[in-house]
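Here is a walk through the aromatic contacts and a surface feature of one protein model. Please keep the structure open while reading.

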Amino acid sequence: MMSSIEANFDGLVGPTHAFEGLSYGNLASMASAGRRSNPRKGALQALEKAKKLYDLGLVQGILPPHPRPDIATLRSLGFSGSDYDVVQQAYNYSPHLLSQLSSSASMWAANSATVAPSIDTKDKRLHFTPANLQTNPHRAIEAAFTSQVLKSVFADSNTFVHHPPLPLGQWFSDEGAANHTRFCKTHGSIGIHLFVYGKETTVHNTPPCQYRYPPRQSLEASMAIARRHLLSMESLIFAHQSPEAIDAGVFHNDVISVGNESLFLYHEKSFVNTQKVVEEIAEKIGSNCNTSPTLINITSKELPIEDAVKSYLFNSQLVTLPSGMMHLICPEECLEISNAKNVINRILKEENPIEQVHFSSLNESMWNGGGPACLRLRVVLTEEEVNKVEGNVLMNDDLFADLTQWVKTHYRDRFQIEDLLDKEYLDSIHRALDGLTEILGLGSIYPFQLV
């Protein structure tokens with residue numbers, strides 16, 4: 001057994017954070033289309049949440065926002081001239097296209113990649129596969145920069161393995177760690193891996209499922225990642241996401257279940273044949289991880305699936321503190337929906353490792369369909385691996401103060417796509433991101449810095 005921790009690397013909300021309703025099947029995103037956004041508030045809320053975890057004694061990292069608008073992609077579509085010319089031409093052609101290529105959705109780092117810790121892999125290195133996110137155009141452009149950032153932060157090739165995103169196409173549709181959960185006795189011990197998928201694209205002998213909203217993760221993508229990451233077959237569970245849940249707005253599995261170490265908090269509508277999936281999880285935790293599971297089932301009677309989606313209870317962060325007890329980081333919306341609040345009270349009264357619940361104000365993220373867990377990428381690191389993290393990306397009091405001041409200096413309290421037609425504002429985004437790379441110590445990672 002190794003001395004390891006589970007670090008959370010949160011995506012920093014970008015200056016073009018907006019409510020454009022770009023994510024079909026994400027009910028909050030669709031309902032918020034046209035709402036006035038506040039990028040400054042959104043970034044500060046996310047930083048406060050990250051600082052809260054640091055104050056609880058956890059290792060907390062920060063990942064920079066992607067360059068937006070995505071000038072490189074716009075140029076590949078035939079727009080030309082200066083960056084300002086490119087943006088203006090794109091807007092004149094289609095404001096919606098410019099919105100797609102200006103999205104700050106990279107803030108939801110749970111979708112950025114899938115991670116396998118070194119304790120579980122055959123070569124004893126930590127593996128990353130950036131998600132191709134091909135289901136939505138505004139997210140499919142993220143993979144290359146995500147890969148670059150992860151390689152900058154986790155640079156030691158003897159310690160970290162960086163795979164390319166999976167090939168594009170329906171067979172290998174990959175949405176990242178939002179559909180992956182690792183169970184273990186402690187983070188430093190051998191784990192098992194639950195991969196959740198919504199569709200099988202190469203198997204034709206099973207009846208098709210009818211969905212109102214598109215399933216995003218494919219079984220083939222999950223299996224390919226498991227092979228790439230050199231995980232043992234005995235450690236794998238592949239579970240089919242419930243079509244009913246997807247059609248109720250559960251576009252990723254982390255909207256309907258959450259796990260940490262040997263605890264699993266799940267809704268009874270999480271999977272096709274949920275009981276069978278949970279039995280397999282329990283059996284493999286017992287046999288592979290040498291510990292007894294704690295399984296907390298939430299029924300539809302307690303929490304209708306519609307309330308699960310509205311409250312994002314299952315998108316809470318379930319974390320283990322240095323004391324060994326677990327805390328749950330919930331969105332404040334859980335206090336506003338009585339069924340969710342009652343479930344939380346039930347969990348706190350029962351015998352389980354969850355000692356305390358914290359509530360975070362994240363409405364700028366929640367209105368676009370992203371709760372506390374969406375904002376973070378979980379990375380299990382040994383003490384040696386923590387020391388090999390590059391840059392100044394690990395949260396401390398000074399970094400929090402610097403990032404807070406940076407946001408207050410550079411971010412507006414409102415954003416709409418027409419703001420990008422102001423050349424000065426476009427230049428100010430570049431100045432802001434240039435300053436951010438100095439704070440984070442990541443060097444020149446943005447395209448405009450490499451010119």
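**Aromatic contacts and a surface patch**

In this predicted model, the count of aromatic pairs comes to 16. One of them joins F183 and F264 in an edge-to-face arrangement, with 5.3 Å centre to centre and 85 degrees between the planes. F183 belongs to strand 6 (residues 180-184) and F264 to strand 10 (residues 263-267), so the pair ties together parts that are 81 residues apart in sequence. F183 counts as buried because its relative accessibility is 0%, and F264 is buried with a relative accessible area of 0%.

Y446 and F448 form another kind of pair: their rings are stacked, 5.7 Å centre to centre, with 10 degrees between the planes. Is each ring buried or partly exposed? Y446 is buried, at 0% relative accessible area, whereas F448 is partly exposed, at 22%. The cut-off matters here: buried means under 20%, so F448 falls outside that class.

Ring pairs also link F9, F128, F154 and F160 into a cluster.

Two aromatic rings have a charged side chain over them. The charged end of R35 sits over the ring of W367, at 3.9 Å from the ring's centre. K51 lies over the face of F400, and here the distance to the ring centre is 5.3 Å.

At the surface, Y24, L27 and M30 make a nonpolar patch of about 250 Å². L27 is placed in helix 1, which spans residues 27-31. With a relative accessible area of 32%, L27 is partly exposed. Patch residues need over 30% relative accessible area, so L27 meets that cut-off.

Key: Residues are numbered from 1 along each chain as its sequence is written. This is a predicted model: local features need pLDDT of at least 70, side-chain atom pairs count only at pLDDT 80 or more; totals for chains, interfaces and linings use all residues. Side-chain values use heavy atoms; hydrogens and water are left out. Patches are made of residues with over 30% relative accessible area and no salt bridge: like charges are joined within 9 Å, nonpolar side chains (Val, Leu, Ile, Met, Phe, Trp, Tyr) within 5 Å. Accessible areas come from the Shrake-Rupley method with a 1.4 Å probe; for residues, only the protein chains shown count as cover. A salt bridge is a side-chain nitrogen of Lys or Arg within 4 Å of a carboxyl oxygen of Asp or Glu. Helices (H or I, at least four residues) and strands (E, at least two) are DSSP runs, numbered from the N terminus. Buried means under 20% relative accessible area, exposed over 50%, partly exposed in between (1.4 Å probe, protein chains only). Rings of Phe, Tyr and Trp (its six-membered ring) pair if their centres lie within 6.5 Å; planes under 30 degrees apart count as stacked, over 60 as edge-to-face and the rest as tilted. A charge sits over a ring if NZ of Lys or CZ of Arg is within 6 Å of the ring centre and within 35 degrees of the ring normal.
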